[in-house]
Amino acid sequence: VMEGNHALWPEGTVSNTGIDAETERAAFERFYRANVDEVHQYLHRRCRDTELAQDLTHDVFMSALRSLRPVAELSTGWLITAAQHALIDVARRHDRYTAKLRLLRGSLDEAIPAREPVDRIVLEQAMGRLAVDHRLVLGLHYLDGLTVAELAQRLGRTPKAVEGLITRARRNLHRELERTDD
């Protein structure tokens, strides 16, 4: 995060704390080096995902930097609290995503009643094999909850054209899902 050209403290950054910017940058770098491993370990123990822990560690230190507090006012406790909030945010996003996938799965299960509920990984793989416009319309409609009228406006098409696109996209998704079962 702080390697190379001090990515967290870009050249020309001015401190809002009344402290010389170079002094504040050096203090933040020391603070970062003293705390980065502890914050990363805390996050990794909780999420058990190395890449996510690295991303969240970066986010926590960016939050510290954006807080515009003098480094002297920051503490390991402040960082751990920020890390807890970051984990909560990730969990909330995951829950919303899972709920949206359930809605999409439900609509697919209704369309193919004999089919077992669709597995998330299988669904994502099948979606990945669709044409871009089909992925887009299914994602916006089923995952993001846009209505046909909203899609028509965003895509610059008539509602009838969007309905046809959704129908074709669902049909192609069903084919991809059937292909996965073979």
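## A walk through an all-helix model

The protein contains eight helices and zero strands, where helices (H or I, at least four residues) and strands (E, at least two) are DSSP runs numbered from the N terminus. Read from the N terminus on, the elements follow the order α-α-α-α-α-α-α-α. This is a predicted model, in which local features need pLDDT of at least 70 and side-chain atom pairs count only at pLDDT 80 or more, while totals for chains, interfaces and linings use all residues. Residues are numbered from 1 along each chain as its sequence is written, and side-chain values use heavy atoms, with hydrogens and water left out.

Of the 182 residues in the protein, 36% are buried, a term that means under 20% relative accessible area, with exposed meaning over 50% and partly exposed in between (1.4 Å probe, protein chains only). Contact, for its part, means heavy atoms within 4.5 Å. Among contacts in the protein between residues at least 6 apart in sequence, 57% join residues that are at least 24 apart.

We can now turn to the interior. A nonpolar core is a set of buried Ala, Val, Leu, Ile, Met, Phe, Trp, Tyr and Cys residues joined through side-chain atoms within 4.5 Å. The largest such core has 24 residues, and those with the most contacts inside it are Phe28, Phe31, Val39, Leu43, Val60, Phe61 and Leu79. Helix H2 (21-47), helix H3 (50-66) and helix H4 (76-111) each supply at least two residues of this core, and the largest share, nine residues, comes from H2. A second, separate core of 17 residues includes Met127, Tyr142, Leu151 and Ile166. Returning to the largest core, Val60 is in contact with Val39, Trp78, Leu79, Ala82, Ala83 and Ala86, once its neighbours within four places in sequence are left aside.

How do H2 and H3 lie against each other? A pair of packed helices is described by the angle between their axes and the distance between the axes. The axes here are lines fitted to C-alpha atoms, for helices over the stretch in contact, and the angles run from 0 to 180 degrees between N-to-C directions. H2 and H3 pack at an angle of about 140°, with their axes 9 Å apart. That angle makes H2 oblique to H3, because angles under 35 degrees count as roughly parallel, over 145 as roughly antiparallel, 65 to 115 as roughly perpendicular and the rest as oblique. The crossing of H2 and H3 is right-handed, which means that the near helix is turned clockwise from the far one by less than a right angle, whereas anticlockwise would be left-handed. Among the residues of H2 that take part in this meeting are Phe28, Tyr32, Val39 and Leu43, and on the side of H3 they include Leu56, Val60 and Phe61.

Aromatic rings also join these two helices. Rings of Phe, Tyr and Trp (its six-membered ring) pair if their centres lie within 6.5 Å, and planes under 30 degrees apart count as stacked, over 60 as edge-to-face and the rest as tilted. By this rule the count comes to four aromatic pairs. One of them is the edge-to-face pair of Phe28 and Phe61, at 6.5 Å centre to centre and with 85° between the planes; it links distant parts of the chain, since Phe28 is in helix H2 and Phe61 in helix H3, 33 residues apart. Phe28 counts as buried because its relative accessibility is 2%, and Phe61 is buried with a relative accessible area of 0%. The rings of Tyr32 and Phe61 have their centres 4.8 Å apart and their planes at 70°, so this pair is edge-to-face as well. Ring pairs link Phe28, Phe31, Tyr32 and Phe61 into a cluster.

Leu56, which lies in helix H3, is buried, with a relative accessible area of 3%. Leaving aside neighbours within four places in sequence, Leu56 is in contact with Leu43, Ala86, Leu87 and Val90.

Further along the chain, the axes of helix H6 (residues 132-143) and helix H7 (residues 148-155) come within 10 Å and cross at roughly 135°, so H6 is oblique to H7. Their crossing is right-handed, and Leu136, Val137, Leu140 and His141 in H6 meet Val148, Leu151 and Leu155 in H7. Ala152 also has its place in helix H7, where Ala152 is buried with a relative accessible area of 5%. Not counting residues up to four places away in sequence, Ala152 touches Arg157, Thr158, Pro159 and Val162.
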